[in-house]
Amino acid sequence: GTYDVEFFVTDGLHEVSKKIKITVFSDNIENNGDDASHKFSISSLVVENPQINSNEPLEVFVRIRNYGTADEKITLRLEIKDLGIRETKTFTVDEKSGKLKLFSIKIPEDSPSGSYVLEAKAFNRFWHSIRHTEFEII
């Protein structure tokens with residue numbers, strides 16, 4: 001669900017508040033009925049610059065961890081649905097290891113200010129993993 005949250009910070013003399021929306025998603029890995037030796041997940045999703053101007057690139061780091069006992073060919077898709085942006089990379093992650101991928105996503109110049117949800121989905125025919133994070137266009 002989506003929740004409105006208000007933070008209050010004070011230094012004893014001054015008080016400042018900031019209202020934000022927090023969207024909570026399920027990031028569970030789902031098994032499609034195949035052998036668990038193919039299990040992998042998005043272990044981290046980091047936006048380097050969570051507040052950007054439109055027409056600036058959004059720098060995103062995604063780490064995929066392969067917990068399985070087989071090398072996996074994985075497709076990683078990043079999507080900002082509200083802006084109509086989707087980028088995809090396909091690569092192999094060795095068994096019992098991880099891989100870090102960098103995306104530099106061009107944000108259109110005419111993008112309105114506000115908070116946006118970035119979805120990362122890693123998948124193949126055996127498993128998928130989904131993570132979400134937010135960033136703001138100022």
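Select Lys-81 and Glu-119 to begin: in this predicted model, their side chains meet in a salt bridge with an N to O distance of 3.9 Å, where a salt bridge is a side-chain nitrogen of Lys or Arg within 4 Å of a carboxyl oxygen of Asp or Glu. Lys-81 sits in the loop between E7 and E8, while Glu-119 belongs to strand E10 (residues 114-123), so the pair ties together parts that are 38 residues apart in sequence. Strands here are DSSP runs (E, at least two residues), numbered from the N terminus. Lys-81 counts as exposed because its relative accessibility is 55%, whereas Glu-119, with a relative accessible area of 13%, is buried; buried means under 20% relative accessible area, exposed over 50%, and partly exposed in between, with a 1.4 Å probe and protein chains only.

Before moving on, note that residues are numbered from 1 along each chain as its sequence is written. Local features need pLDDT of at least 70 and side-chain atom pairs count only at pLDDT 80 or more, while totals for chains, interfaces and linings use all residues, and side-chain values use heavy atoms, with hydrogens and water left out.

Next, select Arg-77, Glu-79 and Arg-86, which are joined into one network by salt bridges that share partners. Glu-79 meets Arg-77 at 3.8 Å, N to O, and Glu-79 also forms a salt bridge with Arg-86, the closest N and O atoms being 3.2 Å apart. Which of these residues are buried? Both Glu-79 and Arg-77 are, with Glu-79 at 12% relative accessibility, whereas Arg-86 is exposed because its relative accessible area is 52%. A search of the whole structure finds 3 salt bridges.

Now show the strands around this network: strand E7 (residues 72-80) and strand E8 (residues 85-93) run antiparallel and are joined by 9 bridges, and two strands are said to pair if DSSP finds at least two bridges between them. Arg-77 stands opposite Thr-88 in E8. In the hairpin of these two strands, which has 4 residues between them, Gly-84 takes a positive phi near 70 degrees.

Turn then to an open sheet of 3 strands, whose order is E4-E6-E9 and whose pairing is antiparallel. Its edge strands are E4 (40-47) and E9 (98-106), each of which pairs on one side only. Strand E6 (residues 57-66) is joined to E9 by 9 bridges, and here Val-60 stands opposite Phe-103 in E9.

For the next stop, select Lys-18, which lies in strand E2 (residues 15-23) and counts as partly exposed because its relative accessibility is 42%. Not counting residues up to four places away in sequence, Lys-18 touches Val-5, Glu-6, Phe-7 and Glu-136, contact meaning heavy atoms within 4.5 Å. The C-alpha atoms of Lys-18 and Glu-6, which are 12 residues apart along the chain, are separated by 5.6 Å.

Finally, where is the centre of the largest pocket to be found? Of the 12 residues that line this pocket, Ile-20, Lys-21, Ser-115, Glu-134 and Glu-136 are the closest to its centre. The volume of the largest pocket is about 230 Å³, a volume being the space filled by probe spheres set on grid points that are joined across faces, edges and corners. On a 1 Å grid over the protein atoms alone, a pocket is an open set of points where a 1.4 Å probe fits, with protein on both sides within 12 Å along at least five of seven lines, and lining residues have an atom within 4 Å of a point. E2 gives the most to the lining, with 6 residues, and both E2 and strand E11 (127-137) supply at least two residues each.
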